[in-house]
Amino acid sequence: MRVLIVSQYFWPESFRINDLALGLKQRGHIVEVLTAMPNYPSGHFLPGYGCFTPASELYEGIPVKRIPIVARGSRRSWQLAANYASFILSASLLGPLRCRGNYDVVFVYEPSPVTVALPGLVMKALKRAPLLFWVQDLWPESLSATGAVQSPWVLRQVRKLVDFIYRRCDHVLVSSKGFTGHVAASGLNKQRISHVPNWAESLYRPLDATPVSVLAELPPGFKVMFAGNIGSAQSFETILAAADKLRAFPEIQWIVLGDGHLKPWVEEQVRQYGLERQFHLLGQRPMESMPGYFSAADALLVTLRASPVFALTVPSKVQSCLACGRPIIAALNGEGADIVMASGAGLACPAEDPERLAETVLSLYKMSHEERQAMGRNGRAYFEAHFERELVIGKIEQLMNSATREYTCAS
């Protein structure tokens, strides 16, 4: 198949779509990517990139066509709106000029915003190919949950736009089972909706030993490690309050790997709490190095806010944590916490409950090394049964083949 991937985010930004593109290429498909100039999560164009250049490059032999956008900046509402709108405009107008070939299928990846589908619909019409839309984030529910949009009128207009998009997709893939009803409410036939979870790249695996360079960087003690975006959805207020409640256990060390718009605020809160010796913000690390850091953790922490939409969400880092075979602490509600408990890979507590999070960390801390190791093994086994890379990419490939056949028959 000739596959056109449309995504606002792509390598060198760290998103699962990078690995899907590689996986499809490895299976013999011809893959091309239409994307923006990389500026996530810093808000500024990454080194070597500007507003207009480079327009084309190769990623592991995959042609990548880039279009100009307004960078995210400091993530103020107007900056994000300009960022999203510029991608819609540039990808819709310049995409057909940059991607001149014929394609059997158009595949749109949506961690957020949902408007990334609009250029996909343009390409679907011009290339006369079916459109598959992989939904990672529910709109407008997530806008309301994070407080990004509070106007009922605006949320209603976004809902109309989302319904418009869903109904014009040939197939919608949802990363969480809980998304299915919300997508079907748009009027899309449930037969055109499939649950396709995230996986973890093959580099995520248990390591026999932690790299010496990682050991030298981390403090001694019981390490609770958070890796990922430092944003409003992750409820760092809860993490900081739980760390404060456990200050009587100085051997419990909180390690944060990542970046995001709330990082300066978290740094200030650490100083105000007086947690400098127990709470460590180490910054972002390359994805390739993450298994080494995870191997040094006694617990991998996954958090989200207490919101109905987040209860339907399975953070993609859950799969990465399971794959690395380390115990997980899930301060989540809903499907993400259910996976951790069903797998036997760790412990869960309600979202946004510092008292319960502190108790959960303490419970894991008091367990024996053997009990924690067993949790890690359980997690790896569950990952291989449900979220293994080739298993999930194979399902996406099958859906692409089916959509292509149906589209050809209908044409």
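**Ring contacts and the second largest pocket**

K317 lies over the face of F226, 3.8 Å from the ring centre. The model is predicted, and it holds 16 aromatic pairs. Two of these pairs share Y365 and are described below, followed by the second largest pocket.

**Aromatic pairs of Y365**
- F222 and Y365 pair edge-to-face, with 5.3 Å from centre to centre and 80 degrees between the planes.
- This pair links distant parts of the chain, since F222 belongs to strand 9 (residues 222-227) and Y365 to helix 14 (residues 354-366), 143 residues apart.
- F222 is buried, at a relative accessible area of 5%, whereas Y365 is partly exposed, at 23% relative accessibility.
- Y365 also pairs with F249: the ring centres are 6.1 Å apart and the planes stand at 70 degrees, so this pair is edge-to-face.
- F249 lies in the loop between helix 8 (236-245) and strand 10 (252-257), and Y365 in helix 14, so the pair ties together parts that are 116 residues apart in sequence.
- F249 is partly exposed, with a relative accessible area of 26%.

**Aromatic cluster**
- One aromatic cluster is formed by F107, Y109, W134 and W199.

**Second largest pocket**
- The second largest pocket has a volume of about 230 Å³.
- Its lining comprises 16 residues, and those nearest the centre of the pocket are P206, L207, C324, G325 and R326.
- Helix 10 (290-296) and helix 15 (369-386) each supply at least two lining residues; helix 15 gives the largest share, 4 residues.
- By character, the lining of this pocket divides into 6 nonpolar, 5 polar and 5 charged residues.

How values were computed:
Residues numbered from 1 in each chain as written. Predicted model: local features only at pLDDT ≥ 70, side-chain atom pairs only at ≥ 80, totals over all residues. Heavy atoms only, no water. 1 Å grid on protein atoms, 1.4 Å probe; cavity = no way out; pocket = protein on both sides within 12 Å on 5 of 7 lines; lining within 4 Å. Points joined across faces, edges and corners; volume = space filled by probe spheres on them. Nonpolar A, V, L, I, M, F, W, Y, C, P; charged D, E, K, R; others polar. Phe/Tyr/Trp six-rings, centres within 6.5 Å; stacked < 30°, edge-to-face > 60°. Buried < 20%, exposed > 50% of the residue type's maximum accessible area, 1.4 Å probe, protein only. Lys NZ or Arg CZ within 6 Å of the ring centre and 35° of its normal.
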